[in-house]
Amino acid sequence: MADSKNHPNRRDVLSTIAIAGAATALGGLAAPAFAQARSLVIISNESTQEGKDAFQKIVDDFAADTGVDVNLSFMDHEGHKTAIRNYLVTAAPDICFWYSGERMRAFVQRGLFDDISDLVEKEDYAKPLGGALSAVTVNGKQYGLPLGGRLYGNYYLADVIKDNGLTMPKTWDELITYGEAAKTAGLVPITIGTKEIWPVAGFFDSLDLRINGLDRHMALCAGEVSYLDPSVAAVFDHWQELIERKFFLPDSTSYTFSEAAALLGRHKAGFMNIGSYVEKEIPEDQQSNLHLAPFPKIADVPRFEDFTVDSIHIPANAKHKDVGREFLAYFYQPQNLGLYNEAKAYVPARTDLPPSKDPLINEQVESLKSVAGTAQFFDRDTNPDMAQEAMKGFQEFMVFPDRREQILARLEKTRMRVYK
């Protein structure tokens, strides 16, 4: 609970009412005006102590600056995933945290998140957010503010690339040249661990966004495009070429994400297509050597990327929406959002925040400036049942590319069932 010592207590309120009544009895003299205290209820799913401390400071400063009585609760991250489905309907706070993409859209479609396009326009957030604004946009309207998250791309150690005479590829043809040269140098061109199935979804996204663009990718994720469509076949054509050229880590299903990432730090792999959290898997003395390159351009489409973004929202059933907007504007000031993202080691959605202490985050912020739009990651953007079956199929395809037709037929059957 934020400090409320400057707000009137119950005794003050009763005293004011008594004075007003006495004044009326004495001839209708004007009663002293009393402004009702403003309040705000916030539920956060923040799990790290650093994140909690940063957000608490921002809330305390807001309360001190505005006189708003803030009730802040931190909820267990996993428990919150269940709780939000109930409290948005039965006892909505004024501010809550959630995820962008499909998970946000599911609540928007049920009318549970407030349209805050007025705030976005008033504060002119479109410019500093750029392509990241799409993460919280449904049918041209905004239902939250993107905070920060993880940017996906090809992460590499500069000395590995330099010492082996390689160049990070910018086009598909350059990727093929790079991969063959990396193999000749004794490196795994693209390290990936698929024991946990989610990394394959990121690679699928990278290909699909480069070949078919964001709108088509999101239509596929929404169940509007068949897995037997030629646009999907084009993705698998490119993917299969890389598999058949043996560019990926052999026996990738035996490696976890962390184990595959460790090959970067041991100078045994060229790059990893993954999120920015890969930095934690690199030895500390190597982290300053870690850099990001966008996935190579394939088709003539703008640059789109996976940028998994957490977001902040005003529930549709909130009682204090005006105060909620006031808090969002305060929290979203560059110095405050910067404090929060720095504590969480997030890549901020806003590109005009103070520089981070981490050079790799600053590099990613610069990279975001040229992104035309963002997806959230396959399993955040599509139906959970569809995502699970698709990721199993992607994993199988990397080991048995000759099963491609059967895999895609199975995925199409799942799509027809899930989106019937």
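**Exercise 1. The lining of the largest pocket**

Task: In this predicted model, determine how the residues lining the largest pocket divide into nonpolar, polar and charged, and which elements supply them.

Solution. The lining residues divide into 10 nonpolar, 5 polar and 9 charged. The lining comprises 24 residues, and H77, Y99, D310, Y346 and R380 lie nearest the centre of the pocket. Next come the contributing elements: two or more residues are given by each of α3 (77–90), β3 (95–99), β6, β10 (304–313), α13 (334–344) and α15 (378–381). The most is given by β6, with 4 residues. As a final step, the volume of this pocket is about 610 Å³.

**Exercise 2. The surroundings of helix α11**

Task: State which residues of helix α11 are buried and identify elements that cover them.

Solution. Helix α11 spans residues 257–265, and its buried residues are F257, A260, A261, L263, L264 and G265. The elements covering these buried residues include β6 (145–157), α9 (198–221) and β8 (269–275). A general property of helices assists in reading such a list: an α-helix has 3.6 residues a turn, so residues three or four places apart point the same way. Finally, the backbone just after α11 is examined: H267 there takes a positive phi of about 60 degrees.

**Exercise 3. Two helical residues**

Task: Classify R105 and L242 as buried or exposed, and list their contacts beyond four places in sequence.

Solution. R105 is located in helix α4 (residues 102–109). Its relative accessible area is 17%; because buried means under 20%, R105 is classed as buried. Apart from residues up to four places away in sequence, R105 touches V138, M218 and D381.

L242 belongs to helix α10 (residues 230–244). With a relative accessibility of 0%, L242 is likewise buried. When neighbours within four places in sequence are set aside, the contacts of L242 are W172, L175, I176, F203, F247 and F248. As for F331, it stands 89 residues from L242 in sequence, and the C-alpha to C-alpha separation of the two is 45 Å.

**Exercise 4. Cysteines and disulfides**

Task: Give the number of disulfides and decide whether C96 and C221 are buried or exposed.

Solution. The number of disulfides in the structure is 0. For C96, the relative accessible area is 0%, so this residue is buried. For C221, the corresponding value is 1%, and C221 is therefore buried.

Methods
Residues are numbered from 1 along each chain as its sequence is written. This is a predicted model: local features need pLDDT of at least 70, side-chain atom pairs count only at pLDDT 80 or more; totals for chains, interfaces and linings use all residues. Side-chain values use heavy atoms; hydrogens and water are left out. Buried means under 20% relative accessible area, exposed over 50%, partly exposed in between (1.4 Å probe, protein chains only). Contact means heavy atoms within 4.5 Å. On a 1 Å grid over the protein atoms alone, a cavity is a set of points where a 1.4 Å probe fits but cannot get out, and a pocket is an open set with protein on both sides within 12 Å along at least five of seven lines; lining residues have an atom within 4 Å of a point. Grid points are joined across faces, edges and corners, and a volume is the space filled by probe spheres set on the points. Ala, Val, Leu, Ile, Met, Phe, Trp, Tyr, Cys and Pro count as nonpolar, Asp, Glu, Lys and Arg as charged, and the others, Gly among them, as polar. A disulfide is a pair of cysteine sulfur atoms within 2.5 Å.
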